[in-house]
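Reader: Please walk me through this structure. I will ask short questions and would like short answers.

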Amino acid sequence: MTFREIIEDHIKKRENHIALGVGLDDAYTFEQLAQFYDLFVEKMNELLIPRRARIAVLAEDALLIPFVAAPLVDHWCSIQFTINDSIEVNIDKIKHFKIDYILTNDHYYRLLSKVNEKLNFIIYNKFSISSVELTKIEKTKVFENGSNIAMVAESSGTTSNYKVIPYSFDKLITRYQTLVSSFRYDASRSRLQVAQLIRTNTSKTFLNMIYVGATSYFSNGVNFNLIYKMLQQKEPTDFRIAPSNLMGLLNFIDKHQLTLDKQPKYLLILGSYLSEDLYKQCQRIFNKSHIIHTYGATETTTICSNIDSPKGYIQDSVGQPMLHQIRIVDDEIQVKHESVFDGYEGIDNSEYFDDGWFKTGDLGYLKDGYLYITGRKKEVINKGGEKISPYELEKILLLDKRLREVVVFPYLKDNKHEHVAVAIVTCNDEKISIYEIRKLLMNKDIRAYKLPTRLYQVKSLPKSESAKIQRNKLFQYLSTIDITFEEI
């Protein structure tokens, strides 16, 4: 069953139901999505774009991304880039992802074609829900290759070394069925997601809600005033947000002495760690919502949550396994389920799989049926042979209410050995010394060799498209900007 057929089935069951809402004013029905779908497919067929050709969407018009999501996965292969990346990065990804065409506007066509004259383009000259004009500029001939890949995603985790994740159409449907079963999604649900439409996961999350006939709302950025108003005016049943953005929203609500008269049924918090203070603040402000902490990956869908856990939320845990099998091997979390991807493209996958079990790269343990994350395998700092978990130190430091964000990472001293550094974002720009940071850790009996020897105090921390801090690239990034540090 194609997404076009799925959309048509929803239209028959429920007329003029909202499929997509962006901000407070823009809303589009399933009927409008179907209208655009048919028009877009007609125009693409007129251009003779081969079936399952890989098409990267590089759009300034953010609405184009959800609009083309369904037709691309039905007929071609959808790949979404973000315009926040540099032109050089996008060119590198085009080669790495084996892109056949770039769907973009004239502005990006001119920029990209200057860097690489052999690229193929589909240029949208005019775009709206009821009208689209496309032009093909083909420098290299593309042939139908019999591929069944409907979407290609990228996984960079916290290392920034992106890997290519191909999904067949059947695998996409399996993943959506898994999420529906896990969270009991149906057409009565509506979800507000704090995300920019130009981000790479937009198509996947939007199609998940289309699959069940539910409504997707997007904030299209991080504007806490807008997010608060959308919660009150749109009244979503589900609210999906990363911890760093959630902290900002809660502080905004407190600062302006606001109340959430209308609350979502489910508050879905993404990520591997939720501080005790943040959870208590959530309980106070979202006092009528079911707070759900989820853990998963691009490769796996959601692995754990506390949605059906008999003991509810347990501090420091990411909940219980949902549909995935989980095992711990040498402290590493490994999972198995039909929704797990089949492997990265173009590389040897033997180091990522063991007899059908996917090695997540996350470290953790199971206790009383609950999963606890202790860090990332590749992020452990090796200081003269001593292994140091950044996660252990961050968890302690985040207990201090003066600290809004904390990341512990390795840096090379004298270009020889790894040492421990910490970057912090404080509330109200309060100054904190490295001696205070070390004291906080020593008060929790952290051994001397684990203590940071360098402190960076910054306004904000750079994050990946999935809101992850790329820890192993942070020292390199901080070395390129004009910022001072404190060292002992």
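Author: Helices (H or I, at least four residues) and strands (E, at least two) are DSSP runs, numbered from the N terminus. Residues are numbered from 1 along each chain as its sequence is written, and side-chain values use heavy atoms, with hydrogens and water left out. The model is predicted: local features need pLDDT of at least 70, side-chain atom pairs count only at pLDDT 80 or more, and totals for chains, interfaces and linings use all residues.

Reader: In which loop is Asp 368 found?

Author: One strand, S20, covers 357-367, and another, S21, covers 370-376. Asp 368 is in the loop between S20 and S21.

Reader: What is the phi of Asp 368, and is the residue buried or exposed?

Author: Most residues other than glycine have a negative phi. Asp 368 has a positive phi, near 55°. Buried means under 20% relative accessible area, exposed over 50%, and partly exposed in between (1.4 Å probe, protein chains only). Because its relative accessibility is 59%, Asp 368 counts as exposed.

Reader: Where is the confidence highest in the protein?

Author: pLDDT is the predictor's confidence in each residue, from 0 to 100. The protein averages 90, and 95% of the residues score at least 70. Confidence is lowest in helix H4 (residues 87-96), with a mean of 75, while the highest, 98, belongs to helix H8 (residues 224-233).

Reader: Which helix supplies the largest share of the largest nonpolar core?

Author: A nonpolar core is a set of buried Ala, Val, Leu, Ile, Met, Phe, Trp, Tyr and Cys residues joined through side-chain atoms within 4.5 Å. The largest one has 86 residues, and Phe 3 and Leu 103 have the most contacts inside it. Its largest share, nine residues, comes from helix H2 (residues 30-46).

Reader: How many residues are in the other core?

Author: This core lies apart from the largest one. Val 194, Leu 231, Leu 250 and Ile 285 are among its members, and its size is 26 residues.

Reader: With which residues is Phe 3 in contact?

Author: Contact means heavy atoms within 4.5 Å. Neighbours within four places in sequence are left aside. The partners of Phe 3 are then Ala 70, Val 73, Asp 74, Phe 169, Ile 173, Tyr 176, Leu 207, Ile 210 and Tyr 211.

Reader: What is the volume of the largest cavity?

Author: On a 1 Å grid over the protein atoms alone, a cavity is a set of points where a 1.4 Å probe fits but cannot get out; a pocket is an open set with protein on both sides within 12 Å along at least five of seven lines, and lining residues have an atom within 4 Å of a point. Grid points are joined across faces, edges and corners, and a volume is the space filled by probe spheres set on the points. The whole structure holds one cavity of 30 Å³ or more. The volume of the largest cavity is about 50 Å³.

Reader: Which helix gives the most to the lining of the largest cavity?

Author: The lining consists of Ile 7, Leu 33, Tyr 37, Pro 66, Phe 67, Ala 70, Pro 71, Phe 206 and Ile 210. H2, helix H3 (64-75) and helix H7 (202-212) each supply at least two of the lining residues. With four residues, the most comes from H3.

Reader: How many residues of H7 are buried?

Author: Phe 206 and Ile 210 are among the buried residues of H7. The helix is followed by Gly 213, whose phi is positive, near 80°. H7 is mostly covered, and of its 11 residues the buried ones number 10.

Reader: Why is H11 largely enclosed by the rest of the structure?

Author: Helix H11 spans residues 390-397. Its buried residues are Pro 390, Tyr 391, Leu 393, Glu 394, Ile 396 and Leu 397. H11 is largely enclosed because the buried residues number six of the eight.

Reader: How much space lies in the second largest pocket?

Author: The lining residues are Arg 404, Val 425, Thr 426, Asn 428, Asp 429, Lys 431, Gln 457, Val 458 and Lys 459. Among them, Asn 428 lies in the loop between strand S25 (417-426) and helix H12 (434-442). The space in this pocket is about 170 Å³.

Reader: With which residues is Glu 338 in contact?

Author: Glu 338 sits in the loop between strand S18 (332-336) and strand S19 (353-354). Its relative accessible area is 56%, so Glu 338 is exposed. Leaving aside neighbours within four places in sequence, its contacts are Lys 171 and Thr 174.
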